Amino acid sequence: MQYALAQNQVLAAAPSRCRIISVDVNVSDYAHTVDQITRWSQHRVGKYVCVSPVHPIMEAYDDENYRNIINGADLVTADGMPVVWAQHMLGFKHATRVYGPELTLRLCQACEQEGISVGFYGGSETTIEQMIQKLNTRFPKLKVSYAYSPPFRGLQPEEDEEIVSSILDSDCQLLFVGLGTPKQDVWMSEHRDRLPLVQIGVGAAFDFIAGNKKQAPAWMQRNGLEWFFRLCSEPKRLWFRYLWHNPRFVALFSLQVLRHRFSH
């Protein structure tokens, strides 16, 4: 009876979700998110977690298939301050940011304490090596049971099978996936039923932790200006993403707020 109750608690739904344009984002904080993910990891259930700033929300608005993948996730965190502010405007005043790189570090700390083995999939070989060195220094008892830098091209079926087999053989319980949006979310969705573990897509967290890329200063993050810092850091790669998605996010969410207020 106690075991059944514990299982029900583990498999219980994640915190409530708030729809932002077309994506359902969980209303949560670091403590609850870390607790949820570590409990899932301990019980080896197949789950995937998406972190969601403005970019994936707008990608999901443009692509129905990707929208279904995000909304099909077991947990979607509000990764960017504009998403948190949107939740506040819809009445979820207690919503806070759950930022991928910071969440990665907090999860690694919790996994070290709980004896949960972790793995890393994505990034370059150099980035993964540097990141694991930094994590080993910070969390010396963390069990890293898997690390792999896949090719940037699409995988052949036999290659994918080999990767799945190696992850299963590694006894990994929590897999951090750093392939970038939307690729990492698609990959996690395709592998949820094949991997009895928790996957979490953390975007650029591998590079940030490794020290290959600088994060925006805390004051810029608090004020929703991280996108501007990253645009200045990588203008050729990111100019289209921010100059196309950000204004449309503001316009579409403003319409959502108007509809919400007139309907109440």
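## The sheet

Six strands build an open sheet, and their pairing is parallel. The order is S4-S3-S8-S7-S5-S6. Strands are E runs of at least two residues in DSSP, numbered from the N terminus. Two strands pair if DSSP finds at least two bridges between them. Strand S4 (75-78) and strand S6 (143-148) are the edges; each has a single partner strand, so one side of each lacks a neighbour in the sheet. On average, neighbouring strands are turned by 20 degrees against each other, direction ignored.

This is a predicted model: local features need pLDDT of at least 70, side-chain atom pairs count only at pLDDT 80 or more, and totals for chains, interfaces and linings use all residues. Residues are numbered from 1 along each chain as its sequence is written, and side-chain values use heavy atoms, without hydrogens and water.

## Strands S5 and S7, and helix H9

S5 (residues 117-122) and S7 (residues 174-178) run parallel, joined by five bridges. Gly-119 stands opposite Leu-175 in S7.

Helix H9 (residues 183-191) packs on the sheet. H9 touches strand S3 (47-52), S5, S7 and strand S8 (198-201). Contact means heavy atoms within 4.5 Å. The directions of H9 and S8 make about 170 degrees. Angles run from 0 to 180 degrees between N-to-C directions, with axes fitted to C-alpha atoms, for helices over the stretch in contact.

## Helices H3 and H4

Helices are H or I runs of at least four residues. The axes of H3 (residues 54-62) and H4 (residues 64-71) come within 5 Å and cross at roughly 130 degrees.

Pro-56, Glu-59, Ala-60, Tyr-61 and Asp-62 in H3 meet Glu-64, Tyr-66 and Arg-67 in H4.
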